[in-house]
Structure formats: C-alpha cells, structure tokens
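Colleague: I am new to this one. Could you walk me through how to read it?

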Amino acid sequence: MSTPTQVLAELENLESGMRPLPREERTVLYGCIGLLLFGPLAFGAVESWSGFVMEAGAAGLLMVWLWPRLRGEGAAFRSNPLFAPMAVFAGLVAFQLVAGLTSYRYVTWTSALLFSSIAILCFLLTQSLRRAEEIARFGVVASVYGFAVAFFAVIQDLSANGRIYWLRLPRSGGWIYGPYVNHNHYAGLMEMLFPIALTMSLSRRVERAPRIALGGAAVFMASTIVLCGSRGGVIALVVQLGLSAEYVAFLRKSPKVAMALGAGLALAGLWVLLVGGTTVTDRLLTFHTEAHTELSTGLRLTVTKDCARMFVDKPLLGFGLGTFPTAYPPYQSFYTNIFVNEAHNDYAQLLVEMGLAGFGVMVWLLVLLFRTAWRKLKSGKLGVNGGLALAGSVGCVGILVHSFFDFNMQVASNAAWFYALAAMVAAPSVSEPRAKVSSQRREVRL
C-alpha cells in the first residue's frame, strides 16, 4: 500500500504531466528531436555544412533553454550519471589542445566542437524528456522515421542509379544505401532505431493494432540491415535479437511474446530472401574481396595492427581527437589505392586518438549506462522506464558490437543517436502513469 505522501507525490507528477509544456520547453525538445532526424538525412552529417547545422542548432537550443533560467523560471535541473564521464572526456580534449599534445590542432578543435554539440543534445534531452507522454511520443516518431528511412532505402536500392536521393553523386565513390554513402553506417542507424519499434510492440500499454504495426516496422527495419549487405551489421543484429529474446524468456517470462518474436524473425528472413536473393547471401559469405571501394577484412585487421604500433608511441593521451587520418600514414604497413581515413574499428581509433585516458573514460561511461539500464529492467515490467531502458540499451549494444568492424562512431549522425539513447536510458526515471491514483487519494482523504 502506498503512503499518503507517496500518493500525493504521484498525483502531483500526474497533474504536471497533464499540463502542456511551456513554449521554451517544447522548442528545446522538438528542436533536439529535429536535429537527430536531420543528421541521417543529411548524408550522416559528415559534411561541413551539415556539421555546422548540428553545432549551431545545439548551441541555439541551449540558449533557448537557458533564457527562462536567467529569469529565475523553468523546471529544476535534472542530473544524469553520464554527465561526469562526458565532462572528463571534454577535459581531456581541452588538455590536448592547451598543452599542444594533438598532432593536428585544427582537426582536434573541429572535432571538439562536434563533440560539444552532441553533449549539449544529451544534456537538453535529459532536461526536457521528463514525462511519460513525451517519451512515448518520441518512441512513435523514431519508429515512423526509421520505417520511412528503411522504406526509402529499399526503393532507392531497387531503382539505383549510383546517386543518393537519385541526385547526389558521391565524390569518392562508396556503397550507397539509403541516405548514406556507406552501407555500414545505414546499418548502424537501423541498429539503434528498430529496437524502439520492437520494444513498443512488446508493451501491453500499446493497443493491439498499433502493436502489430510497430512490430511490422521493427521487422522491416531489421531486415534492411541484412539487405544492405553489412556483415558487421548482421553480427550486431544477431546479438541484439539474442538480448531481446533473453529479456522475453527470462525477465518478461512471456511465451506468447517469444512466439511472436520468432514469427517476426521468420518473416524478416523470408523478406530478405525475396528481395535480396543470392546477392545478399554471397556478400555476407565473402570476407576477403574488396568491393565498392571498401577495405577487405584482411586489410582492416592490418590497420588494427598498425593502430597497436601507434598506441605504443603515445599510450596515455594519444595523437589527438579526430587526428587518425593525418597521424596514420607513417604507420601504414601496406599499399592500397583507397584512402584510409578511419581505423574501421572504433575502439582501436579511440586508443590511438585519446590513449588509455580516453579509453578508460569510455569504459566508465558504458558501465554507468548498463548498470542504470539493468536497474530499470530487472523488475521485468515493460513500462515507460523499462521500455526506454530496453530499447536504448539494445540499440547501444548494436553499435558497440558493430564498432569492432566499422566506424559508426566517427559519423556525426550515428554518434548523436548513440549518445542520445544512452543519455535517455541513464536519465532519472519518470513517473509511470497510473489510473488508480485518483481513487487512492479519495481513500487518503477518508
């Protein structure tokens, strides 16, 4: 039984959730979501103009959030355990710049600006996503958006002319899929979006018809990870589905949901075979051929070995954030006509650029993230907080697994989505909507 104080607190949370958001809060929340949606559509936000939009947009939204606080208004500050490691990481980058420890100061400075914009998005999402209603709305928007991008990607692939949006020709070639030059980065986006729709389809809080639609959207998005031919994406997908199945089997203990999940996977496999045919299976079983200006698996392993030699030279603080393309050539141990601009292993690249100090901060952040997710999930209840924890943590796991084989975290839009999901998972729990609160208050009055 709830105490009178707890019931009154729940009522206050419920009543505040029924009040419309102030104009500034709406602007910040929808602006942050808009930037997250913009990034992938702008070729992953890897070009100067799109990076500027992300940075200027985040700075502008921060000013909007600060304005009512300067007048002594606005909601109270919300903390997040991930703020501490992100602040320490920012301090390490600042020390590289101030102490002249970066091998290319300008690149480290521009990379720091991009990191700052992503950190601002994480901060603002923590402050603005305070209510169950807004979290649910974000889930619906992300699910519809992910399905729309996946549908566009399939249509574009079936009618491909070698151009993104049938208009933009990549300067250096690539394996186009969806709005990305690199199909692996498309897979990375879907790894983070399909768990949102999948989790909402498992929730009893969603009505039957929308649950079926969300489940279909999740299956479709997941199937395009296979269709795009990303081997790292397929490995990540298998791990993600395994984690989801484990949650259903051991925490949720729902055989019906497990059967529905299995049926969805069977449909996804059938869809892949119908659309992709032998082209997809041949690609997934080929590991040593170079195609579409990609490094083969053998050369990627060689780059990782070269990174180990780089790490030995600067083990503590690395060569500087974002400097891998300029620092790597003296250590390159093979010949190729492809410009090696990334390590194709985010962990190796982090060690090279930020050393043991930066790598340790990353481990700290991940420990905090998954510890918070486990606390919200161990009850087995898939409410707003548990659903957000499941969707966000499974999405983050997908990128973390994929990062062993590719460089999704070097793509601004995908990095923004990863850190945004992580911040939402680690944020304080919101009040779960309860229909019985009003009746409980009547009992208290009596």
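Modeller: Start with a definition. A disulfide is a pair of cysteine sulfur atoms within 2.5 Å. In general, a disulfide is a covalent bond between the sulfur atoms of two cysteines.

Colleague: How many disulfides does the structure hold?

Modeller: Zero. Take cysteine 122: the closest cysteine sulfur, in cysteine 32, is 9.3 Å from its own sulfur, so the two are too far apart for a bond. One caution before we go on. This is a predicted model, where local features need pLDDT of at least 70, side-chain atom pairs count only at pLDDT 80 or more, and totals for chains, interfaces and linings use all residues. Residues are numbered from 1 along each chain as its sequence is written, and side-chain values use heavy atoms, with hydrogens and water left out.

Colleague: What does pLDDT tell me?

Modeller: pLDDT is the predictor's confidence in each residue, from 0 to 100. Here the mean is 85, and 82% of the residues reach 70 or more. Over residues 287-292 pLDDT stays under 50, and the model has twelve contacts there beyond four places in sequence. A contact means heavy atoms within 4.5 Å. Residues 435-446 also stay under 50, with 14 such contacts. Where pLDDT is low, the predicted coordinates should not be read in detail.

Colleague: Is cysteine 122 buried or exposed?

Modeller: First the cut-offs: buried means under 20% relative accessible area, exposed over 50%, and partly exposed in between, using a 1.4 Å probe and protein chains only. Cysteine 122 has 1% relative accessibility, so it counts as buried. Cysteine 228 is buried too, at 1%. Of the protein's 446 residues, 52% count as buried.

Colleague: Which helices and strands should I look for?

Modeller: Helices (H or I, at least four residues) and strands (E, at least two) are DSSP runs, numbered from the N terminus. The protein has 16 helices and zero strands. Histidine 183 is in helix H7, residues 183-202. Its relative accessible area is 0%, so histidine 183 is buried. Glycine 233 is 50 residues away in sequence, yet the two C-alpha atoms are 9.4 Å apart.

Colleague: And where is leucine 158 found?

Modeller: Leucine 158 is in helix H6, residues 132-158. With a relative accessible area of 60%, leucine 158 is exposed.

Colleague: How much of the contact network joins distant parts of the sequence?

Modeller: Count contacts between residues at least 6 apart in sequence. Of these, 76% join residues at least 24 apart.
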